[in-house]
Amino acid sequence: MSKKNSLLILLFIILLISPFLFGIINLSTKGEEEPKKISLILKTQSGDYFKNVRMGAEVAAQEFNVKVDFTSPSEENDIDAQIALVNAAIERKVDALILAPSDSNRLANVAEKAVSGNIPLLVIDSKLNSNKISSYIATDNVKAGEMAGKKLVSLCDVNSRVAIINFVDGATNNKDRENGLWSIISKYPQVKVVYMDYVEADSESASVLTKKLVLGDDKVNTIIALNYISSIGVAEAIDEIGFAGKVNVITFDNTPEEIEFLERNVIQATVTQSPFGMGYLAVKYAVLNLQGKKVSNYVDTGVVVIDRNNMYLPQNQKILFPFTQ
């Protein structure tokens with residue numbers, strides 16, 4: 001048989017069996033769906049709070065076999081950049097959108113644009129002024145402020161001079177905490193609030209302000225910081241000037257720095273949220289929504305006040321170190 005005839009026979013055999021081969025390939029891939037694409041847009045990806053949100057979301061993504069794309073502005077207060085990220089997610093035709101809005105009003109229109117494009121919208125961490133949200137998963141910040149207030153009152157005496165340090169004037173989370181705090185401390189005349197203001201988006205601003213409040217004419221001896229950035233700055237200043245245990249400090253969240261300061265009595269108590277659980281539940285609920293299952297409109301992810309007396313309890317260790325469980 002000539003070489004030419006052999007090649008013709010081989011080609012004929014390939015053509016004869018190719019439909020069978022393609023049938024095998026189709027059978028092997030049948031039923032394997034492409035993982036759903038979920039966009040999770042955070043306020044920032046720096047800081048331990050949002051890193052814990054991301055860790056929780058990553059655990060859920062692996063468990064439920066979905067692909068989660070994490071994005072955020074480089075600066076937490078860059079609202080325009082976050083709006084642009086939502087538009088980009090819409091253009092990519094993601095299957096679901098999870099948003100931690102930096103502004104409850106300015107993010108509403110673009111978020112509702114996603115819903116109009118049949119992209120389910122879940123909101124975490126902060127409120128969004130929209131009635132088109134599939135599920136809102138967050139801390140009850142009014143309740144968190146109330147719990148912080150009760151702890152503050154328990155530390156105060158008739159000589160207490162209190163400073164309230166907040167972050168981002170007008171942000172709904174911070175305003176809710178502030179309102180919850182005032183609803184408690186306004187009932188106690190021994191709590192003399194001599195200073196309340198907002199600091200910039202860095203711990204150094206809170207540190208400088210703390211030294212001024214404690215060492216200056218205000219003679220502040222109790223400080224409550226209403227978010228993790230200002231909390232770190234307050235604690236660093238108290239530690240630096242050697243006032244640990246002399247000034248009562250109440251903080252928010254559970255960064256590694258705060259936990260260390262709590263162990264050393266620089267911080268007397270910290271109001272701790274569950275960002276890991278927030279990220280996990282957001283992805284889980286997004287998946288359930290895509291499956292056509294009913295999800296809760298609102299989930300309170302909980303808050304607990306942790307101090308040196310209860311920080312080593314097993315249930316609180318899970319909150320302080322969720323990534324080790």
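**Entry 1: the largest pocket.** I classified the residues lining the largest pocket and obtained 8 nonpolar, 11 polar and 7 charged. I note that the model is predicted. I then looked up the volume of this pocket, which is about 420 Å³. Its lining comprises 26 residues. I listed those that lie nearest the centre of the pocket: Lys43, Glu76, Val168, Ala171 and Asn174. Next I asked which elements give two or more residues to the lining. I found helix H2 (48–64) and helix H6 (172–185). Helix H6 supplies the largest share, with 4 residues.

**Entry 2: strand S10.** I turned to strand S10, residues 269–272, and asked whether its two faces are covered or open. I found both faces covered. Ala269 and Val271 are buried on one side, and Thr270 and Thr272 are buried on the other. I recall that side chains in a regular strand alternate between the two faces of the sheet.

**Entry 3: the neighbours of S10.** I looked up the pairing of S10 with strand S9, residues 248–252, and recorded a parallel arrangement with 3 bridges. Phe252 stands opposite Val271 of S10. I followed the chain from S9 through helix H9, residues 256–263, to S10, and noted that this β-α-β crossover is right-handed.

I then examined strand S12, residues 304–307, which pairs with S10 in the antiparallel sense over 4 bridges. Which residue in S12 is the bridge partner of Thr270? I identified it as Ile306.

**Entry 4: summary.** I record that S10 runs parallel to S9 and antiparallel to S12.

How values were computed: Residues numbered from 1 in each chain as written. Predicted model: local features only at pLDDT ≥ 70, side-chain atom pairs only at ≥ 80, totals over all residues. Heavy atoms only, no water. 1 Å grid on protein atoms, 1.4 Å probe; cavity = no way out; pocket = protein on both sides within 12 Å on 5 of 7 lines; lining within 4 Å. Points joined across faces, edges and corners; volume = space filled by probe spheres on them. Nonpolar A, V, L, I, M, F, W, Y, C, P; charged D, E, K, R; others polar. Buried < 20%, exposed > 50% of the residue type's maximum accessible area, 1.4 Å probe, protein only. Pairing = 2+ DSSP bridges. Right-handed = clockwise from strand over helix to strand, strands pointing away.
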